[in-house]
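This report introduces selected features of one protein model. Please view the sequence and the structure together while reading.

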Amino acid sequence: MRQSASFTTSHALFRSKSRLLSSSSSVDDLIKQRRQLVLTELEQLTLTSPELLEERDPRPAHEAFGKSAVRTYNTFIIKGGNESSNFETLAAAKRTALQIDFLAKRHVAAISSTLRNTDTFLSSSSSSSSSSAFTSASPIPVTLVLDNLRSASNVGALLRSSDACGIQSVIPIGITPSPTSIGREAVLKASLGAEEFVDTSKRFDRLEDAAKSLKADNFKVYALETHESAKSIYDADHNFDDKTAIIVGNEVTGISEKFLNDKSLCDGVIEVPMFGLKNSLNVAVAGSIVMSEVSSKMRKLRGGCAHNNNNNDKNDWHDYRIDGQKDWVSAAFDSDPMLQALPEFNPHNARSKPKVLLLYGSLRETSYSKFLIFECARLLERMGCEIRVFNPVGLPVRQSPLHDEHSKVIEIRELSNWSDGQVWCSPELHGCVTGAFKNQIDWLPLNSGSVRPTQGRSLAVLQVNGGSQSFNVVNELRRLGRWMRMNCSCNQSSVPMAWKEFDEEGRMKESSYRHRVVDVMEEFYKFTRVNLEYSEMYTERYSERKEKSENEGILKTQAEKEAEKDQLKKNE
């Protein structure tokens with residue numbers, strides 16, 4: 001039978017090493033031969049080792065490999081072992097090389113200022129002197145509830161994961177070990193100091209009491225359990241946009257069926273989907289996965305890294321601002337008297353600035369529709385408008401009424417009501433607007449009671465293209481605007497091969513396309529100013545006035561009208 005090439009090579013190497021050991025009997029020769037064997041094995045591990053050959057000065061070896069690795073090397077080549085055959089000596093050389101390789105990597109990791117794959121016991125004093133590059137974000141309003149866990153190691157691991165995910169607090173229940181209870185040594189060993197950065201001050205004897213306390217503090221309470229009613233943690237229904245508590249149960253008995261079915265205490269059951277033959281994960285592993293997903297979703301909904309724990313923080317509305325910097329927008333205004341005069345253009349002596357909402361159609365970090373909207377926002381703000389740019393990240397896919405109370409849905413509807421005019425920009429995808437943009441429009445109802453979120457407002461439309469110039473998107477946006485009963489300005493902008501038109505900082509380069517964007521915004525501003533005084537007159541209709549007079553000033557939705565018709569039929 002033919003042997004494989006790798007086996008033949010390995011066998012030949014073994015025979016050559018065996019001959020090397022058999023050819024000498026003196027102690028010095030054996031030391032040299034053992035050194036050569038281990039160096040050969042190190043080379044097989046791609047570990048260069050010239051420092052180990054320097055016998056007179058051990059410092060280079062200590063710096064390169066660490067003292068432990070050098071000690072292991074010297075022990076093998078000088079003291080040797082109790083090997084009774086060449087085969088055992090070769091195996092010992094291989095084991096020694098693997099140990100040296102590990103010890104050298106540990107040494108490099110310990111002295112590195114950039115690697116973060118190691119952790120140590122932390123204290124408040126040491127954390128204050130940590131590198132500013134590794135500072136943590138503010139905790140998010142998430143509480144982990146440990147329902148009668150028996151393993152101190154699991155508790156310690158969950159505390160460490162809680163700190164890593166920026167979780168606010170952990171609540172032990174019943175027999176669960178804690179950093180201050182009996183058996184805390186095992187908890188502290190596994191948590192590696194994380195207990196100092198996660199609040200564990202609260203404790204309850206019963207899970208029901210903890211849930212009642214959390215509900216009283218406006219928390220939504222979810223149980224992590226493999227149960228017939230459980231939904232995947234990755235389900236789009238779980239947005240985790242407000243105070244959230246996650247319960248993990250005992251390693252054997254889990255969370256009681258009675259609690260899972262009590263809707264007054266448990267808002268839902270979640271699970272980590274399993275794709276293998278096993279039905280569950282270790283509680284520390286499952287809990288860590290869930291905390292990571294909850295943290296990720298909540299931080300995205302709050303505009304990124306959540307350095308500010310204020311849920312009402314709307315700084316992402318103004319991410320386009322570049323305070324104190326001179327840019328092309330400033331240069332354009334400085335060189336053009338008409339642009340300079342625009343803030344004073346107020347034909348009806350309106351008391352307030354035009355309020356403009358800007359929407360873009362991509363969730364990507366490098367989004368050219370967002371970059372273009374940011375340029376429009378800078379221009380309009382310089383012209384004298386009050387600006388809000390809506391960030392679509394975290395907005396759920398349209399599924400009313402399931403998500404009607406979602407914070408992002410409420411936000412975009414309130415912004416539309418607030419606005420006097422809107423600017424829309426979408427990439428072209430398959431000859432049409434993107435789903436990310438259309439989803440924002442889908443959440444804006446034609447009317448909500450007597451309020452129409454878009455009717456009578458001015459509108460400007462733009463698009464960006466990955467390839468050649470087209471006008472499919474701006475045409476579609478005009479059609480959408482007409483459907484939403486908005487007044488669309490005449491000019492528009494379509495930017496072809498957008499990736500060529502923006503620099504690395506997301507700023508638009510000098511070109512005729514940039515000039516066109518200025519034209520569009522200038523016309524939109526004038527159009528909005530002129531029409532602002534008459535916007536309410538545009539939206540006055542006989543049919544709606546008649547309906548309001550018959551329904552105490554309220555415009556009913558189509559669904560409400562259909563429900564009334566159905567009720568009349570039943571009464572007949």
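The sections below treat the basis of the model, one arginine, one helix and the cavities.

## Basis of the model

The model is predicted: local features need pLDDT of at least 70, side-chain atom pairs count only at pLDDT 80 or more, and totals for chains, interfaces and linings use all residues. Residues are numbered from 1 along each chain as its sequence is written, and side-chain values use heavy atoms, with hydrogens and water left out.

## Arg388

Arg388 belongs to strand β8, residues 386-389 (strands are DSSP runs of E, at least two residues, and helices runs of H or I, at least four, numbered from the N terminus). Arg388 is buried, at a relative accessible area of 15% (buried means under 20%, with a 1.4 Å probe and protein chains only).

Residues in contact with Arg388 include Trp317, Val356, Leu415 and Trp418, leaving aside residues up to four places away in sequence (contact means heavy atoms within 4.5 Å).

## Helix α15

Helix α15 comprises 12 residues, 407-418, and its end C-alpha atoms lie 16 Å apart, which agrees with the expected span of 16 Å (1.5 Å times one less than the number of residues). Its buried residues are Lys408, Val409, Glu411, Ile412, Leu415 and Ser416. These cover an arc of only 160° around the axis, so they are on the same side of α15 (the arc is that of the directions from the helix axis to the C-beta atoms).

## Cavities

The structure holds 2 cavities of 30 Å³ or more (a cavity is a set of points, on a 1 Å grid over the protein atoms alone, where a 1.4 Å probe fits but cannot get out; lining residues have an atom within 4 Å of a point). Among the residues lining the second largest cavity are Leu146, Val155, Pro172 and Thr200. Helix α7 (152-165) and strand β2 (167-173) each supply at least two residues of this lining.

How values were computed. Buried < 20%, exposed > 50% of the residue type's maximum accessible area, 1.4 Å probe, protein only. 1 Å grid on protein atoms, 1.4 Å probe; cavity = no way out; pocket = protein on both sides within 12 Å on 5 of 7 lines; lining within 4 Å. Points joined across faces, edges and corners; volume = space filled by probe spheres on them.
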